[in-house]
Amino acid sequence: MEQTLTTFINEFTAALAKSAPILIKKLIFLAILWVTYRPVQGFIMKAFNKFLSLKKLDELLIHFLQSFLNILIIIFYALNVIQILGIEMTSILALLGSIGIGIGLALKGSLSDLAGGMQILASRYFTKGDYIISCSVEGTVQRITFLYTVLHTVDNKFVVVPNGKLSGEVIVNAGANAERRVDCVFSVSYDTSIDQVKELLTDIAKNHALILKDKDIFVRLSKHNSSSLDFTMRVWTKKENYWDVFFDLQELVKKRFDQEGVEIPYNKLDVYCKTTGE
C-alpha cells in the first residue's frame, strides 16, 4: 500500500513538473489578455471614433457602428482565451452552431429587429433630433441600437420601439424639413361677413413674428357646417416654432374675434312647439 502511494505521488509530481511550464505559460497569456483588454478596447474605440468624425456620418449610424465594433473586440478576446485553454475550435464551432440554431429560432423576432435597425440606418429615414410618428407613438429620436429605437415624447416619456416593427410601418418624419406648415380651423356664425373673417385672419398671420412672410398665407372658407362657417388657415414657420405658432394663433384669433364682435358659434338646437286645439 505504501509502495503504491509512493508510486502515485512520484508520477503525479513528474506529470506536474512536466506540465508546469505549459500551465504557467497559459496563465501568463490569460493575465496579459485580462490586463490589456480595457486599454486595447479604449485605444481601438478612440481611433475608430476619430475616423468616424472625419467621415461626418449620421450620429445614429456612429452609435450603431460603435456597438458593433465593441462586440467584435469581445469576440476576438473570447476566441483567444479558447485557444490558450487548448479547446478544439471545431468542437466549439459545432457547439456554437447548434446553440445558434436554437437561439435563432427562439429569437427570430430579435433578428428581425436587428435587420430592421440596419435597414433604418441604411435608408436614413430619420436622424437624432427628428420628431417622428409611427407605430401609434410619436416623439423625438434619441438613439438607435441593434434592436430598438428610443424616443422621448413631448411630455418626456421614454418610449422604446422595436426596429423590426418600426421599419415595417409608415413613418412620418415631422422634423425632416426645416419648415413646417401650421393648419388651423376657426368657426364663426353664419351672420358673420366672410370678407371680414378673411381680413382678420390674414392680418393676424402677417403680424406674427414667427410666421414666414415669404410663404403663402392661405385663408379660405372651407366648410358650411351645421351651425357654423369653418375657415381654414395655413401658414408656414420654422419646425422648432411649430407649436408656439399653433397655440399663439388659437389665442390671438379668439382675442381678435372678441374685439371685432365676431361670434364663435356653439352647438344649439332650436325647438318649435306646436299647439293644437282641443
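These legends describe close-up views of a predicted model.

**View 1. The whole chain holds seven helices and eight strands.** The chain has 278 residues, and 26% of them are buried. Contacts between residues at least 6 apart in sequence were sorted by their spacing along the chain. Of these contacts, 65% join residues at least 24 apart.

**View 2. Five strands make an open antiparallel sheet.** The order of the strands is 4-3-2-1-5. Strand 4 (158-162) lies at an edge, and so does strand 5 (172-173). Each of these edge strands pairs on one side only. In general, strands of a sheet pair through backbone hydrogen bonds, in a parallel or an antiparallel sense.

**View 3. Strand 1 pairs with strand 5 and with strand 2.** Strand 1 covers residues 131-134. Its antiparallel pairing with strand 5 runs over two bridges. Here Ile133 stands opposite Val172 of strand 5. Strand 2 covers residues 137-144, and its antiparallel pairing with strand 1 runs over four bridges. Ser134 has Val137, in strand 2, as its bridge partner. Strand 1 and strand 2 form a hairpin with two residues between the strands. In this hairpin, Cys135 takes a positive phi near 55°.

**View 4. Strand 2 and strand 3 form a hairpin.** Three residues lie between the two strands. Strand 3 covers residues 148-152. The pairing of strand 2 with strand 3 is antiparallel and has four bridges. Arg143 has Val150, in strand 3, as its bridge partner.

**View 5. The largest nonpolar core has 21 residues.** Leu201, Met233, Val235, Leu249 and Phe257 touch the most other members. Four elements give two or more residues each to this core: strand 6 (179-188), helix 6 (194-206), strand 8 (229-238) and helix 7 (242-260). A second, separate core has 13 residues, including Phe126, Phe146, Val159 and Leu166. As a general tendency, nonpolar side chains in soluble globular proteins are buried together.

**View 6. Val235 is one of the core residues that touch the most other members.** Neighbours within four places in sequence are left aside here. Val235 is then in contact with Arg180, Arg181 and Val182. Val235 also contacts Ala205, Ile211, Ile217, Val245 and Leu249. Among these partners, Leu249 is itself one of the core residues with the most touching members.

**View 7. Trp236 sits in strand 8.** The residue has a relative accessible area of 27%. Buried would require under 20% and exposed over 50%, so Trp236 counts as partly exposed. Its C-alpha atom is separated from that of Arg181 by 4.4 Å. Along the chain, Trp236 and Arg181 are 55 residues apart. With neighbours within four places in sequence left aside, Trp236 is in contact with Glu179, Arg180 and Arg181. Further contacts of Trp236 are with Leu210, Ile211, Leu212, Lys215 and Asp216.

**View 8. The largest pocket is lined by 13 residues.** The space in this pocket is about 220 Å³. Tyr131, Thr140, Arg180, Lys239 and Trp243 lie nearest the pocket centre. The lining has five nonpolar, five polar and three charged residues. Arg180, one of the residues nearest the centre, is also a contact of Val235 and of Trp236.

How values were computed: Residues numbered from 1 in each chain as written. Predicted model: local features only at pLDDT ≥ 70, side-chain atom pairs only at ≥ 80, totals over all residues. Heavy atoms only, no water. 1 Å grid on protein atoms, 1.4 Å probe; cavity = no way out; pocket = protein on both sides within 12 Å on 5 of 7 lines; lining within 4 Å. Points joined across faces, edges and corners; volume = space filled by probe spheres on them. Nonpolar A, V, L, I, M, F, W, Y, C, P; charged D, E, K, R; others polar. Core = buried A, V, L, I, M, F, W, Y, C linked by side-chain atoms within 4.5 Å. Buried < 20%, exposed > 50% of the residue type's maximum accessible area, 1.4 Å probe, protein only. Contact = heavy atoms within 4.5 Å. Pairing = 2+ DSSP bridges.
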